[in-house]
Every structure is written in structure tokens, then in C-alpha cells.
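Subject: Handover of a structure, with notes

Dear colleague,

I am passing on the structure below, together with some notes on what was found in it. Please read them with the coordinates open beside you.

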Number of protein chains: 2
Amino acid sequence: MERAGRSSTLGSTDDVELEPSGTSATIHLDMTAGGGSSSSDFNPFGAIDDVRFKTDDDLPDVMAPPFFSKYGDFHTIDWQRDLARDRLRHKMISKKKVDFPLGLLQSGWDAGAGWICVLFVGLAAGATAGIIDIGARWMSDLKTGVCADRFWLDHEHCCWSSNDTFYKDDDCKAWTKWPWMLNYYNSSSFLFLFLEWIFYIGWAVAMSTLAVLFVKIFAPYACGSGIPEIKCILSGFVIRGYLGKWTFIIKSVGLILSSASGLSLGKEGPMVHLACCIGNIFSYLFPKYGLNEAKKREILSASAAAGVSVAFGAPIGGVLFSLEEASYYFPLKTMWRSFFCALVAGIILRFVNPFGSNQTSLFHVDYMMKWTFIELVPFAILGLFGGIIGSLFIFANIRWSRFRKNSKMLGGNPIYEVMLITLVTAAISYFNPFTRKSAQSMIQQLFDRCEDQIDEDSLCDQNKALSIAFGQLLWALIFKFVITIFTFGIKVPCGLFVPSIGMGAIAGRILGITVDQIFRAVQATPGHSDYFTCQIGKDCVMPGLYAMVGAAAVLGGVTRMTVSLVVIMFELTGSLEFIVPTMVATMFSKWIGDGISKMGIYEAHIELNGYPFLDSKGEYPYSTVASQVMRPSIHRQVADEMSMSDLRELKNELSVITESGMTLGDLESLLRQTDFNGFPVVVSQNSMHLVGFITRRDILLALHTARKTQPYVVTNSIAYFSDGVPDAMPGGPAPLRLRKILDMAPMTVTDQTPMETVIDMFRKLGLRHVLVTKNGKVLGIITKKDILQFMRNKNSQ
Amino acid sequence: MERAGRSSTLGSTDDVELEPSGTSATIHLDMTAGGGSSSSDFNPFGAIDDVRFKTDDDLPDVMAPPFFSKYGDFHTIDWQRDLARDRLRHKMISKKKVDFPLGLLQSGWDAGAGWICVLFVGLAAGATAGIIDIGARWMSDLKTGVCADRFWLDHEHCCWSSNDTFYKDDDCKAWTKWPWMLNYYNSSSFLFLFLEWIFYIGWAVAMSTLAVLFVKIFAPYACGSGIPEIKCILSGFVIRGYLGKWTFIIKSVGLILSSASGLSLGKEGPMVHLACCIGNIFSYLFPKYGLNEAKKREILSASAAAGVSVAFGAPIGGVLFSLEEASYYFPLKTMWRSFFCALVAGIILRFVNPFGSNQTSLFHVDYMMKWTFIELVPFAILGLFGGIIGSLFIFANIRWSRFRKNSKMLGGNPIYEVMLITLVTAAISYFNPFTRKSAQSMIQQLFDRCEDQIDEDSLCDQNKALSIAFGQLLWALIFKFVITIFTFGIKVPCGLFVPSIGMGAIAGRILGITVDQIFRAVQATPGHSDYFTCQIGKDCVMPGLYAMVGAAAVLGGVTRMTVSLVVIMFELTGSLEFIVPTMVATMFSKWIGDGISKMGIYEAHIELNGYPFLDSKGEYPYSTVASQVMRPSIHRQVADEMSMSDLRELKNELSVITESGMTLGDLESLLRQTDFNGFPVVVSQNSMHLVGFITRRDILLALHTARKTQPYVVTNSIAYFSDGVPDAMPGGPAPLRLRKILDMAPMTVTDQTPMETVIDMFRKLGLRHVLVTKNGKVLGIITKKDILQFMRNKNSQ
């Protein structure tokens, strides 16, 4: 009795301990090491409440698996409890610090583990990004031809290395176009062009078909952008395998293939997903992170930052993206570590040097002119346009995605859908110089200023070539917009950043050219020549800047990013001077976009897929209190005037466990009759005063273990969650001590707490459930699901 | 009875309502409009708990002041309650939206108020910064001379506008030095130089004495950097007058004067304080913000961002500074608004154009070279140096500040201290070309690359001049370090950013020159000439980059900023290429600094001054539970085995109010006998089951009003916090209804909740207190003060 009493203040052991001595049995839970398979219903998780240590002496001596957490697939994690587990683990390691040298080493390793882990993640993310960039570029160029003497070079490098003075935009001698190899037709003959077109289409379709086959066969999670799911995972949702090694491999290969196919998609979103896969994989090297879901998310946040960092060459933008868009729990320590991770990834990418030059950024601009204040008007117009087109895109894409989801024809045949879309994309985009080249080259061309390439670039001509280019741009914009609606969501790895930037850049350039022409016209009118100083053959305004601002506007309209977007654009272009135009456009885009519909594309896809994501951004000005949302639901009026007899009636609705007095049989039948994931433990059914909370898993495991290993525990044994356990009757069943599997620190709110406060608690503290009390009595429970349900109802009203 | 019952579910009215009808009196509180003076002890604040509305019909019809909050000086605000008040206000406005056109207009105004407010703040902050910059520069240059024909021009503009070809670093003909005006001595004679020296010192002392006098006489809060106090205010502390108009005016003037005095101080910290003053002043135009302390802090966060934005010309850095360093409650909406505010302030500053050029940034660099990977080693060394010197600085400055605080001689005579330090600073710094010029020019010179000014700049000479400059730099570094320790904390407006950047830039340049020489030496040795390609007369490495990196390192060591620091440095210099070196240095600086001492200079000053600041950064791995920290304190063991009789003994310690049964006299004597700021309301002294919480202010106000206005309420009247109020005995005293002043949604935790969770709740939810319960019974209370006390004890152990 004495010993059992003492050991009950002890939170954890790592084996099953039988204690037949005396008259009571103490259940110690068998904890299997986390990280393995989780098919068993009796899988232990969080069975230990590690909050009841009172002195350091009570700490167990071994680093036992119960310090780690384990959740079922598609479950939500309990942040507070996971973090408590980690603190317990940390405490134990700190205690061992005195054991020289092993304890000290272990302690040092533990302290540095986070940094080492993100270092690895950064290295791997940078390398992966470099390889994918190079691979995608090479395979994409294979669409048109091959490098004659060195087949492993892409178009640009082939022409560079050939020492060929004849290199103009599209062509050099060393680069052998496909039809050329077959028969020596004149390269401008119709047949040659037709063959080239066929090759172009054929290669594209082959690539995308391969990509979709890989995804379908090996890793279904590898499709899409991945950012909506990453958001959910970072908010505490568990999707097994979504960040696994197979997803990583297939997504990498698929990304190269889908990029090479020339579809209207980007590598950036998938890069974030890949970086998170890397983070997840590496976190298993460090049990501190790999086996504790809440801690793992710190690594994943840093990985997401690294993903954006390598995607755009924008480390600061990456950190802000992780903060603003992706992450949920983002303490400043994580921010600093994300920064480091993004930095390392950026350095490595610079080292791999996939962009050929020494630039770390995807696009590099170096505008020499200044913008004038009057130009803020067209920039604001671009913002408005971005907000409108972004919302329109979201609306159409979600409509189409819903149709795809519900339609048997489309949903069942992803391969045909991909092939068809690739066919259409390739067939049409071949005929427009802007859509024909890779999105990245197109954006670079649109961003560029004119001064240097006036004779090469049709966009910089002031004569007929410009009108033709203008028409081509308009056509490209419409085509991009329509095809991207159908592309985003097909079953290949596909991101949305670059298509959005592309659309925006085209729109921006169109407006830029227009404004340039207007300025010239105004200057040409008598008496206005002082207003502008436009010179023939030079830009009057910078159409390239307009393209950049347009890109920010459309990207903002689609994703509803704000600060991180401006920082990414800023880092992309490296031009501090032009932060103000970008900011203005983003701001207008966000206002208009939010005015049309509150949700960005990622939130819209989260809602479409029904993920349990509690957005940390919104505000919910509802006049509801906790008792109106909790289950079992009672009308507030009733709860207000509830007497003891009412509570007695209520107890039939709310399934509770009493602190003492319930038998094993009672508990088992309660578990059978209900499907709740947990039960409040109360002093008595009459008083309903709250003692603690116990999860279904814990109690199932405890009962299972007791039944299996302790033969004297029978159906009539009384389960005690209290401290004082009476001696068993002579000959009667042995009592069962369960106090140590009880969570003695459940979160509670009173019935009159406004729902805004409750939602705030869920978001900021990462709760899974909260108990509703009134005068110390348990009335009901509110789970994350209830909150989401409540918010959906409120929003649809 | 019926009517009283209904009205008790109603949360607010704006007048005193007497209800002599029937047998009970209902207290409605007299709410004076917030924002006025607060000397009265009966000042109403939060007397209305707005959480008990159940339907929209229950909403009051007028926008009454109780939607706003009011706190005493040096009190902590209750975030949850303030935000609830704002939601109530918002709900009421939304309800009126249907009233065309007034309600709609009001609703629109309300929605746009935040943006309009930050727009004004941005405009005003930009203008203020421009004026201060121009003023400080002009008055600073007056130290050495005056512009002969146009006295209102500073040195640089004077020389520019004079069309004088003879303009070399320090001199031009139009600029008349002071001694010159007196007698036409040879400008290199000893007497001339001596007189110049005396003028230099005299002007400096005059300026600083004026500054300290202004501060002492008109606005004592105007001294210092202000950032520690801003941090506390943003975390929810109320310091009346700290952000008032007098502080603003005096700090602006004092800042110009103290900058002009040539003391080793910066304008940047005070600029943040000034921006927050502007935010506070403008917020009163919008009652939504001005009269609700929690909402006001949203504006203040944006203001802080604008302050940094104008101080450094770094809008993104400003937002990140506000996020990382200054703010406490920083939802994403605030982030976006801060961004806007910082942007507007930046545009205005660009318009005012105080830096003469068209650059928005304080320093502008344009390095043409690339750095090599091997240089990361010296960059890391700079980081180490920055961490060490930063910690040393904090240690010494805090020691000196503590001495100043405790010493009667220094504390009582701030004027003499300022005069003495100015005298020493001016007298010594005159003799070193680097300390003589303004800190900003010095930093700009150290940051600059060498290519263009090889014949002008001693730092770019490869011969003897370099050795002399090297010695001068070393001497400047030591001088700067020592004098800044004594300067930061004197009673004039003084910031720490520029002095830190200055120290770092000097140290960096010293290392840069050294590395440059080493590289040259290695290149000169036979067989190593391929390693580096150093040319005579050009930089081999970029010493300017080293200066920049050193600046980041020291600033990081002093302030312990991370992400925001790198972004600020990045925006300062506008060079994306050099973000990696800055990041490396900042990282090492932070590691080393945190290894030596966890606190940055601002946290150290907060601790020194004993402000109740709950740092949102630290981690507290304690194995303590709530019952060990709460008051009244009971040993946990006891609490664990507490029986009903124990609780009865305890009740004498914990002052509670019962839901019903206590008379007015009982309440008044309870208020007299205790000095707690609030009391839990329980069902009965026996059961101790929690009903709600009531603050001292509310109950004082209610009793005062009742006594004053309702003659039939006597000492024997029974106060009811419950719903059901029995009829008074015939002839007996009238009962007093107090339910509506009761906070029915107090935050509670169980006694077994780990303190980490409790601290987390305080930080993330912005609580003032939390009630500790066990089995539904109130055991005690934990206030923010208790938490701070607990953390201090733990840290000192």
C-alpha cells in the first residue's frame, strides 16, 4: 500500500509492473517505442501524465519512450501535452548532466540537436533544389533538341560552352533541334516546323504521363502543391506518409518531369513540400524531434522556410512565409532556427549554382531608373487587377476541383486528364513566343529593362514589333489564366507561384507598355514636354518594374500573402528602391481580394478537402458563450437555471467516469456504448465536480493490460482514480489503481466564457478539447471539431 | 422582480438607474467617458462584463463608454476583457449597419478607422523624423561653423550649394568656421585650433545641458531610449504620460539637441518612442483605439514599426523589429497594418529627403565585389567579438546604471552628469578624425568601398596613411566603447543603435584591413599568387563589408535581435548579396552573447527598473505545479490530501466573497481588511465552488454608488451575486443585486497544472490572474506578479 501510494506520484515507467502483493494492483503501462507502425488500437500514447512530478527525485532514471507522443492517422495532436512531455525529457537529460562524460555529452547533443537537424535539412534542401532545377531545365530543353557533342548540357549551357558567336535568344549551332537529326529539312520549312511542333507536344505529354504514373503507382501524396496539407500538418494534424521518403523521392522525380512537360505549373510549392519531407526524415535522427509531434513541427516550420528560400533564393522571405502562411506554433526560437535553415539552404543552392550565373535569386533585375509618384496610380490599378483576377482564379479553380472530386470520370482517370491538359497546353503554347519558352525565362524577359537589348527584344522595340508583342502578351495572359485553372490540382506535382507570377508579369508588362505610350503621347503634345523626359529607344517608364509589381499583385490576389510576399518579391529582384510600388500593389490586391472572398487559394483547398484547420488569422465576432457550443448541448437558459436535479438528468447525456466506485465492467460497457475519445473524471455522479480527464486510448490500454496480466483483476474490480484506495474486502475483487493515467490538468472554461475566448485558447494554446464547467461542476466538453463546426455554421449564416 | 431579472442579463447601461420599486435595488454603474483624468479611486473600468449577452436583442442601444477600458497608472491590462469589450462595441456597430445612411457610415468609419489611424501615424512619424534629422544635422554642424551666406544650411548642403569646386571631406570655402569669424588667424595655427576646440566643446556642452534641462523641467519621461518602457507598455503595462504630447514635444527637441552635442548616442531608439507617442496621440481621435488599452496597443505596435522604418529607412525591418523585439500581442492583421504604417512613414521620409540624396536608407553601400567562402571565418570571428563586446557592454552599463540609481550624488544631479560626460566626449573626440565627425558620417565612411576615393580616404591608402588610420580606429573603438557605457542612461534622449553600429563598424573595418593585408601577404609569397587576385590600389577583400558585418555583430550582441537585425542591416545597405555574411555574424554573436548572459540590453534595463514584463521568448523548464505558486500558498502535499476540514481552515486565508449571504458591511470590511485587487466569488464558504470573479474597483464603485444614491441600501443589506434574489423581509433591509458586475468567465486552472502551461496561458492570452481550483473548489489565485516573482526566484537559483 505504501509503496503503491508512492509510486502513484511517479509518472512513468517503461515496463509492465505487476504488483500482486497487498490487496491492490497497480497498472504500469507498457510503452512501445514510438515511430513504428500504429495499426493496433491499443497503441499507447500519452498514457503518462508527466505533470505530477513534485521533486526531481521522482524522475525516472531512464529515458523511456513515454516522453514521446504517438497519434493515429488523421488525428490532431495535443500541443500542451507534447510540449510537457518534451520538458520532462529535457529535465531528465539535464539531471544526467553531472554524469561525466556521457551525461554531459548527451546533454550537449540534446542542446545542439535542433541546430544540427536544421543544418542537415538546409544542406539537403539546397542540394535537392539544385538538382531539381538542373534536371528540370535539362529535360525541359530536351523538348526542342539536344546538345550535339555534350548531351548532358541544357540549351543555355550548350550554347555557352560551344564558343559559338551565333547565339541569339533561341538558337545556336551546337544545339541540335530534334527534326534536324531526322532529315535535313530547311529549318524554316513548314514540315520542319510541323515536326518540331509534334516533337514538342509528344515530349511534353510523355513527361507528364510519366509523372502522373509515378505518382499514382508509388506515392499518391506526391501530387499537387502540398502547401494546404503542410499548413494543416503544421497546425497539428497528423497525415501519415505525407512527409515520408517515398513521397519525397516520387515528388522530386515527378517535379522534374512535370516541369519539363511545359505545363503551367511551378516548382515552388512542391519545393516547400519536399523541404518538409526532408525535415521529417531528418527529424527521426533526433528522437527529441522525430518522436514528439509538437517538437517535430518546429523542424517542419524551419523546413518550410528553407523550401521557400531555395525556391526563390529568398531566405528572409522564406522565414516570413513560414511565419505568415505556413506555421501555427512559431516561437521566436523557431524563427531564428528557420532563419539559419533558410540561410544554409540558400548558401548550398548558390554553391550548386543552378541558375548559371552567380545570382542566388530566381530573377534578377537591376533597374537604373526611379519611379515617380504619379506612377503609384497604375501600381494601385495593378493591385486591383491582381485582387480581382486572383479571386476569380480561386473561384474557378475551386469550382473545377470540386467537379473533379465528385465526378467519377475525372476523379477516376487522372492520367487521361493530365495527358489531355498537357496536350492542349503544349499544342497551343508552341505558337506564342512568350508561352513557348519556360515560365522562368518569360518572367525574366518581362522583368528586364530595355536599355541593353533593344535590338533583340521585341518588347523593347518602339515600332511594329511592339504591337505584335502586345497582342501576343494579351493572348498569353488569357491562355495562362484559363489553362492554370485546370492545371492546378491535377495529379502531378504542381505549384502555383510561378504561374501566378507569370500572369502578373504579363499583365504588368501590358500596363507598363501602355503607360509608357501614354507618357510619350503626353510629352509629344505641345506644352507638356517638360512633364516627362522620354527618349526614343529608351524606356519612358520601366515596363519591367510594372511586370514585377503585377507579379506581386496577382500572387497576392491568389495566395493572400502580404508581408512575406513583398519580402519575397524584394529578395527576388534585390531592389530596395522598388519596395514601395510592390507594397502598394499588394495592399490593394489584398483589400480587393478579401472584399470579394476572404479565403486564399490554400485555405479554399483546405476547406474543399475538409481538413480540420483552425485558421489563426480570422476574427470571429460572435455573441455566443461556451455553453451554447459544448456537447451535450443544452439551451443556455436551462443551464443558467439548472438545479441539482437537472444536473442529474444531464448526467445521462454527458458520459463521465467517477473518481471511485465504477467497476471494470462499468468502464468497459461505457467504452463500448460510446465512441468519445475521452471522458471527464468527476468526484461523483451527483456532484459532477471535476477531478481530471482521461482519454479513451489510455483507459483502453490500461484495462487491456490489467485484464491480460493481472488475473485477480476481474469485472467486479473497482477502478480508483483517487488517491485513497481502500483495502479490498477479504475475498472480494482486487481494486485497480488508475490515478496515474489520469490527466489532472485538463483545461476548463466556465459556461459563460465567450466563444471568442475559447477559440483564442484553442488557437494559441493548441488545445484538442476543453471542459465546460459551472460552479465547479462539469457541464460538457468542446472539442476542436465542435469549434470548426461552430465556425462553419456561423460563417455560412 | 421580473424586470430586474431580465435586466440582469443585460450587460451595460450608461447611467445610474434607481429602482426603488419592489423590494430590491438594482445597481447600474455610472460610467464616465474614458480618457479623462483618473485620480478618483472610484474610476470605473470594466465594470461591465460584456460576456453575458445571449442574443443580439440583449444588446444595449447606445454606444456607451463601458465598451472602453480604464486602468490605473502602473497597472497591467486585462487583454481578454478589453478585446471582449471591443467585440461588444463592434457588434453594436454592426447591428446599426442597417440604419441608412448614418449607421452605414459609422460602420464604414469603424472598419476603416485602423487604417486611417496608422496612415496618420505614418505621415506624422515620417515628417517628424525628417524634421529631426534636418534639425540635428544643422545644429550639429553649428559646432564647427556656419554657412556664410545661408545660415540655415548645414555643412554638406552649404558646400554643395556654394558651387565651390574646393570641397574635400571636411572643408569648403562657403563654410565659415567659428574662430575664423573672430580673428583671421591662420587656420592651421595652434591658437586657431585651440579656439576651434573650445568652441567645439562649448557648443556640445551647451546643447546637452539644454537637452537635460528641458527633460528635467518639462517631461521626465522624455529621457533615455524608451524601448524598454515601450516593450512593457506593449506587453500590457500602463504608464500614464509616457506616450503623451509633452513627452513627444520635449523628446523631439531634446533629441535634436542631444544629437547636436556630439554625445555617443543615436536617434533611433528615441525615434521609436516618438512614433509610439504619435500613435498614442492619434489613437485618441478614434475612440475604438484610444479608449481601449488592448486595441490601442495594435496602433502602438504599428507605430513602433514606423519608428524603426524612419530611423533606418527600413520598413520591413521595422515590422520585424516590432514583431520580434517590441510587441507582445501581434496578430497578423496588426502585422499587415504595421507594414502599411512603416511604408507610409518611409515614403514621407523619402519626400522630406533629409539625407540629401534620394536614398531612403541611412547608409547606402554598393559593393561591386563578391565575397569568398573562406571569408566566412573572419565573419564568424566578428560575430564572436560582437557577442563578447555586447555582453561586456550590457554588464558594465547595467552596473553603472545601478550605481547611478542608488547613488545620491549621481541620481540627484543629472545635469552635472550630462555636462561632465559631454565635456569628456567632446574634448577627446575632437582629436580623432573618426570620432570627431558625426557617427553617421563615420559609419558611412567605414561602410564605403575604396575604389573611387582612393586619394581622399586614408582608409583606402595602402601606405603610411593606412597605419595611422588603423591606430586611430583602434583608439576610436576603445573610446566609443567606454564612453557609451556611461552615456546610455543619462537623462537626455539617447538611443543605442548608432553607437553600437559605430563600434561594430570600427571593429569590422579593423579586421577587414587586417584580412586584406594578410591576403596580400599570402599572394606575395611565391606559389600562392593564384589564390587571390589583389591589385595595388584596389581592395583585395572589401573592408567596407567587414564594417557592415561587424556593425550587425555588435548590434546583435547588445540587443540580441536576430531576424529583424539582419533585415534592417540588409535594408540599410540594400545589398542582398551580403545577407549571408551578416547572418553568420549575427548568429555567432547571438550564440556567444546568450552563452554569457541571456538578457539583451533592453531586458536588462527592464529588470533593473523592475517593470512587470513577462518575456515571451524564454523557456521555463520548471517542475512546479500551479498549487505551489498560487497564493495563499499551501504545500502541495497538503493540497493533495486536503479534506473538507482543511479547506475550511484555508478559507480564512483566501479572501472570497459568497454568492449570497454577505452583507454590505461584510463586503466593506473585507475591502478594508485586504488589499487584493479582486476576489473570487463562490457558492458558499463551505463548498468554495467557483461562481465568478470580481475586481476591487468594480465592487468599490458599486458599493459607493449604492450608498450614495440608494438610501434604503444599508449596512445590513445583503448583496446577491446570484440570479435568484429573495424578496426582502418586511421592514428588513433591501437586498443589493450585484450579479452584473461579476465576471462570470474567469480563467481557471487545476492545482496540478504545470507552471509552464500557466505561464504559457499568461503570455499567450494576456491574462492578469488565473484562479486555481481543485475538484471545482477554489484554492487560490495566481497573478502576473506571482508569475514574475516565481520566475525571478527560479532564475536566481
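A good place to begin is a pair of helices in chain A: the axes of helix α2 (residues 79-96) and helix α3 (residues 102-141) come within 8 Å and cross at roughly 140°. The crossing of α2(A) and α3(A) is left-handed, and the contact is made by I93(A), S94(A) and K96(A) on the side of α2(A), with G103(A), Q106(A), S107(A) and D110(A) on the side of α3(A). Please keep in mind throughout that this is a predicted model.

One of the residues in that contact, D110(A), also serves as a reference point for H75(A), which is found in the loop between β1 (25-26) and α2 of chain A. H75(A) and D110(A) are 35 residues apart in sequence, and their C-alpha atoms are 28 Å apart in space. H75(A) counts as partly exposed because it has 19 C-beta neighbours inside 10 Å, whereas a buried residue needs 20 or more.

For chain A as a whole, the secondary structure comes to 31 helices and 12 strands. Buried residues make up 54% of its 797 residues, and among its contacts with a separation of 6 or more, 75% are between residues 24 or more positions apart.

The largest nonpolar core has 421 residues, of which V121(A) and V121(B) touch the most other members. As background, nonpolar side chains tend to be buried together in soluble globular proteins. Leaving aside neighbours within four places in sequence, V121(A) is in contact with I278(A), G279(A), F282(A), I299(A), A302(A), S303(A), A306(A) and C341(A).

Another helix to look at is α13 of chain A (residues 332-352), whose 21 residues reach 30 Å from the first C-alpha to the last, close to the 30 Å expected at 1.5 Å a residue. This helix, α13(A), is mostly covered, with 17 of its 21 residues buried.

Turning to the strands, chain A has an open sheet of three strands in the order β4-β6-β7, with mixed pairing. The strands β4 (657-658) and β7 of chain A stand at the edges and have a single partner strand each, so one side of each is left without a neighbour in the sheet. Two bridges join β4(A) to β6(A), and these strands run parallel; T658(A) has V682(A) in β6(A) as its bridge partner. Helix α29 (residues 696-709) of chain A packs on the sheet, where it touches β6 and β7 of chain A, and its direction makes about 75° with that of β7(A). On the other side of the pairing scheme, strand β6 (residues 678-682) of chain A is joined by five bridges to β7(A), and the two run antiparallel, with F693(A) in β7(A) as the bridge partner of P680(A). Although β7(A) stands at an edge, strand β7 (residues 690-695) of chain A is mostly covered, six of its six residues being buried.

Chain A also has a hairpin formed by β11(A) and β12(A), with two residues between the strands, and N775(A) in the turn has a positive phi of about 50°. Six bridges join strand β11 (residues 769-774) of chain A to β12(A), and the strands run antiparallel, with H769(A) standing opposite T783(A) in β12(A). Strand β12 (residues 777-783) of chain A is mostly covered as well, since seven of its seven residues are buried.

Two loop residues complete these notes.

- T624(A) lies in the loop between α24 (601-609) and α25 (626-629) of chain A, and it counts as partly exposed because it has 18 C-beta neighbours inside 10 Å. Not counting residues up to four places away in sequence, T624(A) touches V629(A) and M755(A). T624(A) and E756(A) are 132 residues apart in sequence but 8.1 Å apart in space, C-alpha to C-alpha.
- C494(B) lies in the loop between α19 (464-487) and α20 (497-524) of chain B, and it is buried because 30 other C-beta atoms lie within 10 Å. Apart from neighbours within four places in sequence, the contacts of C494(B) are G224(B), S225(B), S258(B), L263(B), L265(B), T487(B) and F488(B). C494(B) and G383(B) are 111 residues apart in sequence and 25 Å apart in space, C-alpha to C-alpha.

With best wishes

Notes: Residues numbered from 1 in each chain as written. Chains lettered and ligands numbered in written order. Predicted model: local features only at pLDDT ≥ 70, side-chain atom pairs only at ≥ 80, totals over all residues. Buried ≥ 20, exposed ≤ 12 C-beta atoms within 10 Å, placed from the backbone. Helix = DSSP H or I, 4+ residues; strand = E, 2+ residues; numbered from the N terminus. Pairing = 2+ DSSP bridges. Core = buried A, V, L, I, M, F, W, Y, C linked by C-beta atoms within 7 Å. Contact = placed C-beta atoms within 7 Å. Axes fitted to C-alpha atoms, helices over the stretch in contact; angles between N-to-C directions. Expected span 1.5 Å × (residues − 1). Left-handed = near helix turned anticlockwise from the far one by under 90°.
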